[in-house]
Amino acid sequence: MSDFFAKSMTKFFRFTADTFFRQRYGHRAVVLENVAAVPGMIAGMLTHFASLRTLKRGYGTKIHAMLEEAENERKHLIFVLHITKPTTFEKIIITVAQILFSAFYFVLFLVSSKTAHRMIGYFEEEAVISYTDYIQQIDDGKIENISAPQPAIEYYSLPPTATLRDMLVCIRRDEAGHSAANHHYADIS
Ligand SMILES: [Fe+2]
Ligand SMILES: [Fe+2]
């Protein structure tokens, strides 16, 4: 049931994002990185609370991993904002999505942290696919391979001549790491 729910939610969100954004990869990244920065913060906070409530230790590694994930996603957002400016409508979506998704994820995590982590594990697999598509568009010459934003060059220690493609490869690697971490926490929850 847990896995079925996590997969169904992933399909639902994937379909919604595909319908709305189609080939607009920059805009897709701005809105979805915004949403992606939510679950790590909530999972970190609720795991922190669980440690306080149960008077038990042993939660530290997970709390830090989750908070780091949230920070990493926020960095992704900052980087993609250098490439694409969201429209007014997208800014409204970002606000509404933050309210709805954070409330949804908060409740889901309390009901079943296993399902919550599994769902993010699948979401992150979709992020890997989306960034692979984005990179493919550059390789096909459909999107210009401009210079990587300076904050991304510093964050990933890339050479000064690094390109958008180089940055996307780094971001995709982060997403694969988030997927593995969340599937791991789902396995042991
Ligand atoms: Fe991300
Ligand atoms: Fe991610």
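This is a short talk on the metal site, the aromatic pairs and a surface patch of one structure.

Hi everyone, thanks for coming. Before anything else, please keep in mind that what you see is a predicted model.

Let's start with the metals. Which residues coordinate the iron ion (ligand 1)? The donors are E33, giving two OE contacts, then E73 and E175 through OE, and H76 through ND1. The distances here run from 1.9 to 2.5 Å. If you like to read sites off the sequence, the spacing of these donor residues is E-x39-E-x2-H-x98-E.

Now, E33 sits in helix α2 while E175 sits in helix α7, so this pair ties together parts of the chain that are 142 residues apart in sequence. Both E33 and E175 are buried. For E175 we can put a value on that: its relative accessible area is 1%, so E175 falls under the 20% limit for a buried residue.

Let me move over to the iron ion (ligand 2). Its coordination comes from E73 (OE), E124 (OE, twice), E175 (OE) and H178 (ND1), at 1.8 to 2.5 Å. Along the chain, the donors follow the pattern E-x50-E-x50-E-x2-H. E175 and H178 share helix α7, which covers residues 164–188, and they are 3 residues apart, about one turn of the helix. H178 has a relative accessibility of 7%, so H178 counts as buried.

How far apart are the iron ion (ligand 1) and the iron ion (ligand 2)? The two ions lie 3.7 Å from each other, and E73 bridges them. If you have the model open, E73 is a good place to begin, as it coordinates both ions.

On to the aromatic residues. The model holds 14 aromatic pairs. One of them is F12 with F13, an edge-to-face pair with 5.3 Å between ring centres and 65° between the planes. Are these two rings buried or exposed? Somewhere in the middle, as it turns out: F12 is partly exposed at 48% relative accessibility, and F13 is partly exposed too, at 31%.

Compare that with Y25 and Y134. Their ring centres are 5.5 Å apart and their planes meet at 25°, so this pair is stacked. Y25 belongs to helix α2 and Y134 to helix α5, residues 113–139, so the pair joins parts that are 109 residues apart in sequence. Y25 and Y134 are both buried.

There is also a cluster to look for. Ring pairs connect F12, F13, F101, F104, Y105, F109 and F123. While you are browsing rings, have a look at F20 as well: the charged end of R24 sits over it, 6.0 Å from the ring centre.

Last stop, the surface. Here M45, F49, L52, F106, V107, L110 and V111 make up a nonpolar patch, with a combined accessible area of about 640 Å². Which helices supply at least two residues each? Those are α2, residues 25–54, and α4, residues 88–111. The largest share comes from α4, with 4 residues. L52, for one, has its place in helix α2.

That helix is a nice one to end on. In this talk α2 came up with E33, with Y25 and with L52. Thanks for listening, and I'm happy to go back to any of these views with you.

How values were computed:
Residues numbered from 1 in each chain as written. Chains lettered and ligands numbered in written order. Predicted model: local features only at pLDDT ≥ 70, side-chain atom pairs only at ≥ 80, totals over all residues. Heavy atoms only, no water. Donors = N, O, S within 2.8 Å, 3.2 Å for Na, K, Ca; no water. Buried < 20%, exposed > 50% of the residue type's maximum accessible area, 1.4 Å probe, protein only. Patch = residues over 30% accessible without salt bridge, like charges linked within 9 Å, V, L, I, M, F, W, Y side chains within 5 Å. Areas by Shrake-Rupley, 256 points an atom, 1.4 Å probe, with all protein chains shown as cover. Salt bridge = Lys/Arg side-chain N within 4 Å of Asp/Glu carboxyl O. Phe/Tyr/Trp six-rings, centres within 6.5 Å; stacked < 30°, edge-to-face > 60°. Lys NZ or Arg CZ within 6 Å of the ring centre and 35° of its normal.
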